[in-house]
Amino acid sequence: MGLGCMGMSEHYGRADWDRSIATIHEAIEQGVSLLDTADIYGSGHNEVLVGRAIHDRRDRVRLATKFGIDRSGGDANRRFRGEAAYVQRCCEASLLRLGVDVIDLYYLHRPPQDVAIEETVAAMAELVSQGKVRALGLSEVSAAELRRAHAVHPIAAVQSEYSLWTRDVEQVTPVMAELGVGLVAYAPLGRGFLTGTIDRRKLASTDFRSRNPRFQGEAGDANEGIAEVVRAVAQRLGAKPAQVALAWTYAQAERLGTSVTTIPGTTRPERIGENLAALDLVLDEQALSELAPLGERVSGERYGPGSVGGPRPAAPSVR
């Protein structure tokens with residue numbers, strides 16, 4: 001289990017630098033070795049934060065970061081970029097912000113609009129040759145895009161949203177299994193919804209969930225039924241809903257035919273141990289049968305209009 005660090009900089013309301021550092025340190029002390037960030041999280045803030053947190057314990061973590069979403073023109077005009085020169089500049093900037101000499105896992109955040117994915121992956125492969133990156137990853141790609149990328153350079157992991165209520169990546173996992181590519185699941189707790197601890201009415205205006213379709217209106221009301229099933233299973237098993245949601249995600253590895261790693265995000269040190277306990281939680285057949293249909297019950301799209309990680313902006317097609 002890794003730690004997703006995005007919420008320590010933006011998207012989930014106001015964050016606290018010192019508490020975020022303490023959370024990262026607690027994760028490392030408890031054996032969490034994968035930290036996940038990206039150059040757009042807080043427009044570089046998150047990479048700086050993570051770099052400060054690990055400066056004296058770099059040898060104890062695997063560092064993953066992402067590039068490819070250009071927000072310089074504002075979120076409404078974001079672009080998904082991948083030209084070779086841009087790839088090189090992004091990597092060098094991330095290394096500087098992180099304060100490290102090499103990135104363990106470097107992801108393309110979204111498939112590029114401006115060039116063919118082969119050009120981008122070739123540029124990423126050059127970073128491996130330069131010793132600046134150890135392994136390559138992709139995020140939110142199709143099966144066809146994964147095949148094309150993997151033909152240029154081996155892809156170690158695909159990062160996609162995956163949880164009880166988001167299973168889109170299962171359209172890609174057969175190819176991942178064939179190629180030996182691991183799955184890194186982000187938002188495995190449904191951005192907190194599946195934990196049963198979110199009061200949708202009290203979300204801050206700076207919290208993007210206050211505008212997320214799955215949290216709001218009739219869709220949000222309908223999705224409360226999903227959270228209730230998770231709570232009921234957790235109560236019967238003597239566990240927390242978050243632990244049930246995480247345990248379900250790990251339990252899919254055999255069915256999917258690929259390794260599964262989760263990167264739940266938190267800004268609270270006390271959540272680290274709670275989440276890690278999910279690795280020891282075994283869901284019985286009754287629990288698995290109750291949880292399996294939840295993905296078909298979800299209401300609302302994953303992202304609202306203009307969200308940073310939302311659907312690919314319209315652009316001329318590339319080969």
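**Figure 1. Strand β9 and its parallel partners in the predicted model.** Leu 183 stands opposite Val 260, a residue of strand β10. Strand β10 covers residues 260–262, and three bridges join it to β9, the two strands running parallel. Strand β8 (residues 157–161) also pairs with β9 in the parallel sense, here over five bridges. Within this pairing, Ala 157 has Gly 182 of β9 as its bridge partner. A right-handed β-α-β unit is made by β8, helix α6 (residues 173–179) and β9.

**Figure 2. Burial of strand β9.** Strand β9 comprises residues 182–186, and five of the five are buried; the strand is therefore largely enclosed by the rest of the structure. Cover is present on both faces of β9. One side carries Gly 182, Val 184 and Tyr 186, the other Leu 183 and Ala 185, and all of these residues are buried. Two of the residues named here also appear in the bridges of Figure 1: Gly 182 as the partner of Ala 157, and Leu 183 opposite Val 260.

**Figure 3. Strand β6 between its bridge partners in β3 and β7.** Strand β6 (residues 103–108) has six of its six residues buried, so the rest of the structure largely encloses it. Four bridges link β3 and β6, which pair in the parallel sense. Thr 65 has Tyr 106 of β6 as its bridge partner. With strand β7 (residues 133–139), β6 shares five bridges, and these strands likewise run parallel. In that pairing, Leu 108 is matched with Leu 138 of β7. From β6 the chain passes through helix α4 (residues 117–129) to reach β7, and this β-α-β crossover is right-handed.

**Figure 4. Surroundings of Arg 57.** Arg 57 is located in the loop between α2 (45–54) and β3 (62–67). The relative accessible area of Arg 57 is 14%, and the residue is therefore classed as buried, the cut-off being under 20%. When neighbours within four places in sequence are left aside, Arg 57 is in contact with His 25, Ile 28 and Glu 29.

**Figure 5. The largest cavity and its lining.** Two cavities of 30 Å³ or more are counted in the model. The largest cavity holds about 40 Å³ of space. Its lining consists of Glu 161, Trp 165, Gly 190, Arg 191, Asn 212, Arg 214, Phe 215 and Arg 302. By class, four of the lining residues are charged, two are polar and two are nonpolar. Glu 161, one of the lining residues, falls within the range of strand β8, residues 157–161.

**Figure 6. The second largest cavity and its lining.** About 30 Å³ of space is found in the second largest cavity. The residues lining this cavity are Met 1, Gly 2, Leu 3, Val 32, Pro 264, Ile 272, Asn 275 and Leu 276. Helix α10 (residues 269–276) gives the most to this lining, contributing three residues. Six of the lining residues are nonpolar and two are polar, while no charged residue takes part. By contrast, the lining of the largest cavity includes four charged residues.

How values were computed. Residues are numbered from 1 along each chain as its sequence is written. This is a predicted model: local features need pLDDT of at least 70, side-chain atom pairs count only at pLDDT 80 or more; totals for chains, interfaces and linings use all residues. Side-chain values use heavy atoms; hydrogens and water are left out. On a 1 Å grid over the protein atoms alone, a cavity is a set of points where a 1.4 Å probe fits but cannot get out, and a pocket is an open set with protein on both sides within 12 Å along at least five of seven lines; lining residues have an atom within 4 Å of a point. Grid points are joined across faces, edges and corners, and a volume is the space filled by probe spheres set on the points. Ala, Val, Leu, Ile, Met, Phe, Trp, Tyr, Cys and Pro count as nonpolar, Asp, Glu, Lys and Arg as charged, and the others, Gly among them, as polar. Buried means under 20% relative accessible area, exposed over 50%, partly exposed in between (1.4 Å probe, protein chains only). Contact means heavy atoms within 4.5 Å. Two strands pair if DSSP finds at least two bridges between them. A crossover is right-handed if, with the strands pointing away from the viewer, the path from the first strand over the helix to the second runs clockwise.
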